[in-house]
Amino acid sequence: MPMRRLSIFLCFLLCGPPALAWNAAGHRLVAVIAWQQLSAPSRQAISAALAAHPDYNRWRERAGGQGEAAIFAEAATWADNIRNDPRYYDEGREPPLPAGRYDSRRHKSWHYVDFDAAGRPAKGQLDRQIKRLDRLLGTTGDPAEITYVLPWLAHLVGDLHQPLHVGNTADEGGIRFVINNPFQRGQPLTSLHAYWDDLPGPSSLRGKRLWREAARLMAEHRPPAQGDVDLWREESRYLHASAYPRRSGRPLPVIDEKFQQQARAIADRRLAEAGYRLGRLLETRLRQRVSRETR
């Protein structure tokens, strides 16, 4: 690619819309693994709460008749899908929409937390919002709040386990770190952040292929220590040294076979860990609720 065209392309890439987290395949995998950790009463409680959500029919249609677990998996992608949905708005950038039963803000800052050069959290609310939503799930008496919290928690726990969603302010979590990925057909130039987002597989992953992939991840990775949100965040920060390619290229860093295999292995492990932990978190909170309500 001639240098002038490359410069134009890089400008477009760097100035484009913010990257997401794991793509839809990744969030569905996390949700399916989490579903396996849930008791029957917890599954029933989740299904009943999701059925009251305004997007429930969309999730059910996309689930294609695959059952409540598949609907939960679609709900886990919702927080990214609303980025381009006119029923929601970007707070601080767009005029608010009329108040309704549920919050219609997109909350883009909830998807990440970036640290500055001194190691201090500087941007984003990912870890804080997981803690807040977790507390709310365990304490609220409002069914509408439970309906709202569940898709967010299912999504954000997955986000926190993507290494570049606990990123550096210098390159905005790898969004401004452009790489040459020869394993990507068509257009090999992309951001490092987008490269990690797409490691789980095609965003269309559903049905039997989704369940087979989730089963593979669970077979290959034992349940991790549950820990807490701070531990999950620090694990992702620790992985930064492995998240950036070391092979230099002209004019951009290159993804080679060794890095590709290493990144895929890390992504597989983090998806499995997120799924196990999300399942346990939801099971704990929902079991506590059932215990209180049946006294």
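Is E61 buried or exposed?

## E61 and its helix

E61 counts as exposed, because its relative accessibility comes to 66% and the cut-off for that label is over 50%. Keep in mind as you look around that this is a predicted model.

Where does E61 sit along the chain? You'll find E61 in helix α4, which covers residues 56-63. If you want a sense of distance, try K258: 197 residues separate E61 and K258 along the chain, and their C-alpha atoms are 40 Å apart.

## A helix tucked away

Next up is helix α5, made of residues 68-75. Seven of its eight residues are buried, so the rest of the structure largely encloses α5. Which residues of α5 are buried? They are A69, A70, I71, F72, A73, E74 and A75.

## A sheet of three strands

Now for the strands. Three of them make an open sheet, and the order across it is β2-β1-β3. The pairing in this sheet is mixed. At the edges are β2 (121-124) and β3 (166-168), each with a pairing on one side only. From one strand to the next, the twist averages 35°.

How do β1 and β2 run relative to each other, parallel or antiparallel? Strand β1, residues 113-115, is antiparallel to β2, and three bridges join the two. To spot this pairing in the model, go to V113: opposite V113 stands G124, which belongs to β2.

How values were computed: Residues are numbered from 1 along each chain as its sequence is written. This is a predicted model: local features need pLDDT of at least 70, side-chain atom pairs count only at pLDDT 80 or more; totals for chains, interfaces and linings use all residues. Side-chain values use heavy atoms; hydrogens and water are left out. Helices (H or I, at least four residues) and strands (E, at least two) are DSSP runs, numbered from the N terminus. Buried means under 20% relative accessible area, exposed over 50%, partly exposed in between (1.4 Å probe, protein chains only). Two strands pair if DSSP finds at least two bridges between them. Axes are lines fitted to C-alpha atoms, for helices over the stretch in contact, and angles run from 0 to 180 degrees between N-to-C directions.
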